[in-house]
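Thank you all for coming; I would like to spend a few minutes walking through one structure with you. Please have a look at it on the screen before I begin.

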Amino acid sequence: AAEGFAPQDHLELGERLRAIDTARGAKVSGSRFYFLTGVGARLELALMNAAMDLALRNGFTPAITPTLVTPQIMDGTGFLGAHADEVYHLGTDDLYLTGTSEVALAGYHAGEILDLSAGPQRYAGWSTCYRREAGSHGKDVRGIIRVHQFTKVEMFSYCPQDQAEDEHARLLAWEEEMLATAELPYRVIDVAAGDLGSSAARKYDCEAWLPTQERYLELTSTSNCT
């Protein structure tokens, strides 16, 4: 931090601007829920639209996806393995709330044979995402860093396996373009094999700098699932 300048965190700024309201979020839904109001709601929509515009420029088909999926679709993406406790399950209907639109997009062509001779089939999913955040604690609890519900634009590409590595590099470049658009200082992590989830063969995380906590925090992630 600059001499004599103490940066305010996102919650202090958000409350001053009447952009983030965690107190009423907790009143309505419990801890780790929030309202985005006024400029907060507008900023959320602006960021989502900026991400969708970037995806459109690069040949993605926009998709607004279901956020409730069957056990077969959820299991098919590997989310019911080691991280099953992060997933909300609706027992009465035997449906799962998705933590990312990639679940629905992975199931979109399930049981189909795709013709990819004209190149990758790319989708940009826009959805509300739900995560239980069962084990998270500490610094991430304050504000809206680790929450139960958020909105996300997800790039998803079907491509031949021999093109997957190049496509993965393109996805990372587009994420970096988005971070540059938002003027955020960041670094790229080539995630160690032991830290990969059950579905990814390689993953890059883009982590942005949090000046109030003097640490990096993951903002975007891209995986090659071969």
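When I speak of contact here, I mean heavy atoms within 4.5 Å. With that in mind, and remembering that this is a predicted model, let me start from one residue, Leu171, which touches Phe60, Met155 and Thr222 once residues up to four places away in sequence are left out of the count.

Leu171 also belongs to the largest nonpolar core, a set of 13 residues in which Phe60, Ala124, Trp126, Val153, Met155, Leu171 and Trp174 have the most contacts. Helix 3 (39-57), strand 7, strand 8 and helix 6 each supply at least two residues of this core, and helix 3 gives the most, with five residues. In general, nonpolar side chains in soluble globular proteins tend to be buried together. There is also a second, separate core of six residues, among them Ala63, Leu116, Tyr123 and Tyr158.

Now, how are the strands arranged? They form an open sheet of three, in the order 3-7-8, with mixed pairing. Strand 3 (61-64) and strand 8 (149-158) are at the edges, and each has a single partner strand, so one side of each is left without a neighbour in the sheet. From one strand to the next, the twist averages 25°.

Strand 3 runs parallel to strand 7 (residues 121-130), and four bridges join the two; looking at one position, Ile64 has Trp126 in strand 7 as its bridge partner. Finally, helix 6 (residues 164-181) lies across strand 7 and strand 8, and runs at about 145° to strand 8.

Conventions:
Residues numbered from 1 in each chain as written. Predicted model: local features only at pLDDT ≥ 70, side-chain atom pairs only at ≥ 80, totals over all residues. Heavy atoms only, no water. Pairing = 2+ DSSP bridges. Axes fitted to C-alpha atoms, helices over the stretch in contact; angles between N-to-C directions. Core = buried A, V, L, I, M, F, W, Y, C linked by side-chain atoms within 4.5 Å. Buried < 20%, exposed > 50% of the residue type's maximum accessible area, 1.4 Å probe, protein only.
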